[in-house]
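This briefing is meant for a reader who is meeting the structure for the first time. Please look over the sequence and the model before reading on.

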Amino acid sequence: MVDRDTPVYVISVAAELAGMHAQTLRQYDRLGLVTPSRTRGGGRRYSSRDVDRLREVQRLSGEGVSLAGIQRIMELEVQVEALRDRVAQLLADNERLRDRAVQGTRVFAADLSGEVVAVRAGQRPHGRPASTALALWRPRGWPTD
C-alpha cells in the first residue's frame, strides 16, 4: 500500500485529480503553495497529500481568498499541526512523569520533634524511639494493694 506522502502522480494526472490545469499547478509550485517532489530529470511528482492541498487551494481561491492569503493560511495550518503534535507529546510526557511520581509517592508526617518530614508510604518518621514506659491510671479511692 502506498502512503499519502509518496510522490506517484505526474503533473497531468495530479491536475486532473485536482480539477485544474497543469499550468495552474506550475504556478502554485512557483509560488510555493504546493511543492511537489522532483525526478532526476526535473519532472514534478505529486503525492495524494499534494493533490489534497491543491484541492484546498482551489476551494479557498473559489471563496475569494488571495493567493498570498492562501499561502498564509496553509503556513498557519502547518504550525497548528506541529503544535498539536507537541501538545500530544507533552501530554504523554506528563502522564509518564505522573506515573513515575505515583510509584515513588511520598507522605509527609510530623516527627517526634514536630518537624514535617517526607517519608515513604507505610513508614514512620525517624527520630527518638517512643517511650516504652507504661502509665497506670487509677481512679481516686481505688485500692492500692
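A good place to begin is Asp3, which sits in the segment before strand 1 (9-10). The model in which this residue is seen is a predicted one, and the values below are all computed from it. From Asp3 the briefing moves to the protein as a whole, then to a pair of joined side chains, and finally to the largest pocket.

**Asp3 and its surroundings**

- With a relative accessibility of 46%, Asp3 counts as partly exposed, because that class covers what lies between the 20% limit for buried residues and the 50% limit for exposed ones.
- The side chain of Asp3 makes a polar contact of 2.8 Å with the side chain of Thr6, and a polar atom of the Asp3 side chain also lies 2.8 Å from the backbone nitrogen of Asp5.
- Although Asp3 and Arg49 are 46 residues apart along the chain, their C-alpha atoms are separated by 9.2 Å.

**The protein as a whole**

- The protein contains 4 helices and 5 strands, and, read from the N terminus on, these elements follow the order β-α-α-β-β-α-α-β-β.
- Of its 145 residues, 16% count as buried, while the area that the protein exposes comes to about 11500 Å², with carbon and sulfur atoms supplying 53% of it.
- When contacts between residues at least 6 apart in sequence are considered, 42% of them join residues at least 24 apart.

**Asp29 and Arg44**

- Asp29 belongs to helix 2, which spans residues 22-31, whereas Arg44 belongs to strand 3, which spans residues 44-46.
- What joins the side chains of these two residues, Arg44 and Asp29, is a polar contact of 2.8 Å.
- Asp29 has a relative accessible area of 11% and is therefore buried, and Arg44, at 18% relative accessibility, counts as buried as well, the limit for this class being under 20%.
- The side chain of Asp29 is also joined to the side chain of Arg38 by a polar contact of 2.8 Å.
- Once neighbours within four places in sequence are left aside, Asp29 is in contact with Val34, Thr35, Pro36, Arg38 and Arg44.
- With such neighbours again left aside, the residues in contact with Arg44 include Tyr9, Val10, Ile11 and Arg26, and also Asp29, Pro36, Ser37 and Arg38.

**The largest pocket**

- The space in the largest pocket amounts to about 280 Å³, and its lining is made up of Asp5, Ser47, Arg49, Asp50, Asp52, Arg53, Glu56, Met74, Glu77, Val78 and Glu81.
- Helix 3 (48-62) and helix 4 (67-103) are the elements that give two or more residues to this lining, and the largest share, 5 residues, comes from helix 3.
- By residue class, the lining of the largest pocket divides into 8 charged, 2 nonpolar and 1 polar.
- Two residues named earlier return here: Asp5, whose backbone nitrogen lies 2.8 Å from a polar atom of the Asp3 side chain, and Arg49, whose C-alpha atom is 9.2 Å from that of Asp3, are both among the residues that line the largest pocket.

Conventions:
Residues are numbered from 1 along each chain as its sequence is written. This is a predicted model: local features need pLDDT of at least 70, side-chain atom pairs count only at pLDDT 80 or more; totals for chains, interfaces and linings use all residues. Side-chain values use heavy atoms; hydrogens and water are left out. On a 1 Å grid over the protein atoms alone, a cavity is a set of points where a 1.4 Å probe fits but cannot get out, and a pocket is an open set with protein on both sides within 12 Å along at least five of seven lines; lining residues have an atom within 4 Å of a point. Grid points are joined across faces, edges and corners, and a volume is the space filled by probe spheres set on the points. Ala, Val, Leu, Ile, Met, Phe, Trp, Tyr, Cys and Pro count as nonpolar, Asp, Glu, Lys and Arg as charged, and the others, Gly among them, as polar. Buried means under 20% relative accessible area, exposed over 50%, partly exposed in between (1.4 Å probe, protein chains only). A polar contact is a pair of N or O atoms within 3.5 Å; within protein, one must be able to donate a hydrogen and the other to accept it, and residues adjacent in sequence count only if both atoms are side-chain atoms. Contact means heavy atoms within 4.5 Å. Accessible areas come from the Shrake-Rupley method with a 1.4 Å probe; for residues, only the protein chains shown count as cover.
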